[in-house]
Amino acid sequence: MRSLRILWLFLCLWQLPAYSQISNGGIIVFDNTVENPYVKRKMPRTIYANQLKIGILSPFRGIFEAGYERMLKHGFSLEVAGGYTYRDFLFERFSTSGLYNSPNFSAKGGISVRLGAKYYPFSEGWFSGLYFTPEVAYRMYNFEARLTNINSSGDNVPVNMHCMYDFTEARFALGQNVTDNSGRFYVDYRLGLAFRQVTGTFPEFVNTGSSIYYERRLTSRFGPAFVFNIFMGYAF
């Protein structure tokens with residue numbers, strides 16, 4: 001009988017720590033957190049170093065633009081872009097008095113190139129958040145003007161004249177990259193200040209009294225301008 005009492009006391013003492021561990025504060029320790037259904041695990045973001053992008057607002061300036069960005073170390077990256085230009089309707093509407101929008105002008109297309117360096121001050125090794133970027137950019141728009149000269153004999157002489165305007169810019173912009181949970185799809189928007197050299201050629205009407213003809217003239221001006229654009233990108 002005495003042996004049974006000692007055995008019963010031993011079992012009670014052995015079970016007491018496990019019981020008091022749960023009742024005093026309700027603390028439960030799980031050794032296997034991987035298979036624990038109550039622990040929500042955050043999926044790690046994949047780090048991508050390359051990004052392809054297209055300009056969403058670029059067509060409003062007559063540019064169909066695509067770019068590539070490469071992530072470097074310490075929050076820096078390089079971005080290069082190129083595209084096909086058609087005609088800059090905003091520039092033609094507000095800066096050329098509709099000259100290039102005449103029915104006698106046909107757009108012949110041109111090129112656009114842009115090169116910039118970016119710095120992400122809060123980067124975690126990927127295209128993350130706020131950034132600063134200095135850029136240089138060039139874009140050209142080409143046209144063919146269908147004109148008619150009148151020689152001294154009074155004959156009409158059709159003439160096709162090549163005309164153009166281009167922009168050479170140094171820019172500084174502030175932007176931000178916003179991504180989805182996968183880290184692959186981005187929206188990149190930026191606002192900045194550009195110092196712009198605008199050059200253009202146009203036909204100038206000349207009347208000598210004995211003949212009428214057109215000469216190609218050159219115009220050029222320099223000044224500041226605001227730039228704004230939105231890009232959509234895919235990282236890989």
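Two strands count as paired when DSSP finds at least two bridges between them, and this tour follows such pairings from strand to strand. The model on your screen is a predicted one.

**The whole chain**

Begin by selecting the protein chain and colouring it by secondary structure, which brings out two helices and nine strands. Reading from the N terminus, the order of the elements is α-β-β-β-α-β-β-β-β-β-β. If you then colour the 236 residues of the chain by accessibility, 33% of them count as buried. Among the contacts that link residues at least 6 apart in sequence, 64% join residues at least 24 apart.

**Strands β6 and β7**

Next, select residues 129-150, which are strand β6, together with residues 156-179, which are strand β7; these strands run antiparallel and are joined by 22 bridges. To see individual bridges along this pairing, show A145, whose partner in β7 is M161, and then T148, whose partner in β7 is P158. Where the chain turns from β6 to β7, the hairpin has five residues between the strands, and G154 takes a positive phi near 85 degrees there.

**On to strand β8**

Keep β7 selected and add residues 185-207, which make up strand β8, and you will have another antiparallel pair, this time joined by 16 bridges. One place to look is T168, which has Q197 as its bridge partner in β8. The hairpin formed by β7 and β8 also has five residues between its strands, and in its turn G183 has a positive phi of about 75 degrees.

**Other partners of β6**

Now go back to β6 and select residues 105-107, strand β4, which runs antiparallel to β6 and is joined to it by three bridges. In this pairing A107 stands opposite F143 of β6. Strand β5 is also antiparallel to β6, with six bridges joining the two, and here V113 can be found opposite Y138 of β6.

**Two residues to examine**

Select I111, which belongs to strand β5, residues 110-119. Is I111 buried, exposed or partly exposed? Its relative accessible area is 49%, and because the range for partly exposed ends at 50%, I111 is counted as partly exposed. Showing the surroundings of I111 as sticks, and leaving out residues up to four places away in sequence, you will find that I111 touches G83, T85, Y138, R139 and M140. With Y138, which is 27 residues away along the chain, the distance between C-alpha atoms is 8.2 Å.

Then move to N149, which lies in strand β6. N149 has a relative accessibility of 16%, and so it counts as buried, the cut-off being under 20%. Which backbone atom does the side chain of N149 reach at 3.1 Å? It is the backbone nitrogen of Y214. If you set aside neighbours within four places in sequence, the residues in contact with N149 are D155, N156, V157, V159, I212, Y213 and Y214.

**The pockets**

For the last stops, switch on a surface display. Rolling a probe the size of a water molecule over the atoms shows where empty space is left.

The largest pocket has a volume of about 380 Å³. To centre your view on it, select R61, R171, V227, F228 and N229, which of its 26 lining residues are the closest to its centre. The elements that each give two or more residues to this lining are β2 (63-71), β5, β6, β7, β8 and β9 (212-235), and β9 gives the most, with five residues. Coloured by class, the lining of the largest pocket shows 13 nonpolar, four polar and nine charged residues.

The second largest pocket holds about 180 Å³ of space. Select F91, S95, R196, V198 and R221 to find it, as these are the residues nearest its centre among the 13 that line it. Which elements supply at least two residues each to the lining of the second largest pocket? They are α2 (89-95), β8 and β9, and here too β9 gives the most, with five residues. By class, the lining of the second largest pocket divides into eight nonpolar, two polar and three charged residues.

Technical notes. Residues are numbered from 1 along each chain as its sequence is written. This is a predicted model: local features need pLDDT of at least 70, side-chain atom pairs count only at pLDDT 80 or more; totals for chains, interfaces and linings use all residues. Side-chain values use heavy atoms; hydrogens and water are left out. Helices (H or I, at least four residues) and strands (E, at least two) are DSSP runs, numbered from the N terminus. Buried means under 20% relative accessible area, exposed over 50%, partly exposed in between (1.4 Å probe, protein chains only). Contact means heavy atoms within 4.5 Å. On a 1 Å grid over the protein atoms alone, a cavity is a set of points where a 1.4 Å probe fits but cannot get out, and a pocket is an open set with protein on both sides within 12 Å along at least five of seven lines; lining residues have an atom within 4 Å of a point. Grid points are joined across faces, edges and corners, and a volume is the space filled by probe spheres set on the points. Ala, Val, Leu, Ile, Met, Phe, Trp, Tyr, Cys and Pro count as nonpolar, Asp, Glu, Lys and Arg as charged, and the others, Gly among them, as polar. A polar contact is a pair of N or O atoms within 3.5 Å; within protein, one must be able to donate a hydrogen and the other to accept it, and residues adjacent in sequence count only if both atoms are side-chain atoms.
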